[in-house]
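Student: I would like to learn how to read a model like this one. Where should I start?

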Amino acid sequence: MPFIIAIDGPAASGKGTIARALADHYGFHHLDTGLLYRATGAKGGDPVEAARTLVPDDLRRNDLRSADAGQAASRIAAIPEVRAALVDFQHRFAAQEPGAVLDGRDIGTVICPDAQVKLYVVASNEVRARRRAEELGADPAEMLAQLHERDRRDRERDTAPLRPADDATIIDTSHISVDEAITAAIAIVDRVRG
Ligand code: CDP
Ligand code: CDP
């Protein structure tokens with residue numbers, strides 16, 4: 001049975017950085033599930049149709065990391081039929097040997113509720129806004145407002161809202177380095193793998 005690591009958390013908390021490092025460390029596959037929603041939103045037109053016809057090339061568009069693409073993603077991510085259309089792809093990805101790391105909002109709660117390891121990565125609003133502003137070359141105050149709006153939408157939607165699974169381990173990256181966050185995550189996974 002493949003080993004599954006589910007990583008969830010709000011925007012710019014550091015979950016993607018941890019996910020990539022864990023996949024690298026254990027030789028697992030990695031899927032940034034946010035890209036599925038960003039690509040669906042970026043296609044335009046009917047979002048349900050866009051999600052149903054998503055192909056790997058759609059995930060390679062170079063405008064997907066922008067703040068606008070993030071906002072569009074969180075709007076279409078609230079539509080139950082959009083989420084349903086993306087489930088099979090995520091399940092198939094998670095079933096790959098020897099293991100997979102998926103990061104997003106609902107991996108530990110909805111997509112992979114039986115994942116062997118569940119992490120929920122958080123950081124203070126100010127820290128997250130500053131990091132994302134640095135990445136995108138944007139204004140931190142503007143970024144703070146945007147992240148706040150997106151997190152609220154993600155937490156308050158009826159279908160698969162952002163929340164930690166009951167059995168998730170919380171990692172707060174507000175005051176630790178990337179290396180410290182990765183070391184903490186590896187220690188959690190190693191405890192489970194024995
Ligand atoms: O995937 P998510 O949106 O949660 O965040 P990310 O893209 O992995 O990380 C956002 C930024 O925070 C990156 O530039 C990281 O280098 C930085 N960062 C971090 O992820 N963890 C720390 N402990 C410190 C900084
Ligand atoms: O990297 P960052 O955390 O800023 O965003 P992302 O992970 O690329 O996700 C973009 C948006 O897609 C989120 O704000 C969510 O609305 C949505 N999303 C979701 O609903 N479920 C997931 N598993 C992943 C992303």
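Tutor: Start with the domains. This is a predicted model. Its chain is divided into domain 1, residues 3-31 + 100-193, and domain 2, residues 34-85.

Student: How far apart do the C-alpha centres of domain 1 and domain 2 lie?

Tutor: The distance between the two centres is 19 Å. Then look at the contacts. On one side are 11 residues of domain 1, on the other eight residues of domain 2.

Student: Which helix gives the largest share of the domain 1 side that touches domain 2?

Tutor: Helix H9, residues 140-156, with four residues. By character, that side of domain 1 divides into four nonpolar, three polar and four charged residues.

Student: Now the sheet. In what order do the five strands come?

Tutor: Read a sheet from one edge to the other. Here the order is E2-E3-E1-E4-E5. The sheet is open, and its pairing is parallel. Strand E2 (29-32) and strand E5 (169-172) are the edges, each pairing on one side only. Direction ignored, neighbouring strands are turned by 20 degrees against each other on average.

Student: How many bridges join strand E1 to strand E3?

Tutor: Six. E1 covers residues 3-8, E3 covers residues 99-104, and the two run parallel. For a point of register, take Ile4: Ala100 in E3 stands opposite.

Student: Next, the helices. Which strands does helix H6 lie across?

Tutor: H6, residues 87-94, lies across E1, E2 and E3. Its direction is at about 145 degrees to E3. Helix H10, residues 178-193, also packs on the sheet. H10 touches E1, E4 (117-122) and E5, and makes about 160 degrees with the direction of E4.

Student: That leaves the interior. Which residues have the most contacts inside the largest nonpolar core?

Tutor: Ile5, Ile7, Ile18, Leu102 and Leu119. The core has 27 residues. Next, ask which elements supply them. Those giving two or more residues are E1, helix H1 (15-26), E3, helix H7 (107-111), E4 and H10.

Student: What does Leu102 touch, leaving out residues up to four places away in sequence?

Tutor: The list is Ala6, Leu31, Thr33, Gln90, Phe93, Ala94, Ile107, Ile111 and Cys112. Place these on the elements. Ala6 falls within E1, residues 3-8. Gln90, Phe93 and Ala94 fall within H6, residues 87-94.

Student: How many residues does the other core have?

Tutor: That core has 15 residues and lies apart from the largest one. Among its members are Ala39, Ala51, Ala72 and Ala85. Those four fall within the bounds of domain 2, 34-85.

Methods
Residues numbered from 1 in each chain as written. Chains lettered and ligands numbered in written order. Predicted model: local features only at pLDDT ≥ 70, side-chain atom pairs only at ≥ 80, totals over all residues. Pairing = 2+ DSSP bridges. Axes fitted to C-alpha atoms, helices over the stretch in contact; angles between N-to-C directions. Contact = placed C-beta atoms within 7 Å. Domains from an automatic or database assignment. Nonpolar A, V, L, I, M, F, W, Y, C, P; charged D, E, K, R; others polar. Core = buried A, V, L, I, M, F, W, Y, C linked by C-beta atoms within 7 Å. Buried ≥ 20, exposed ≤ 12 C-beta atoms within 10 Å, placed from the backbone.
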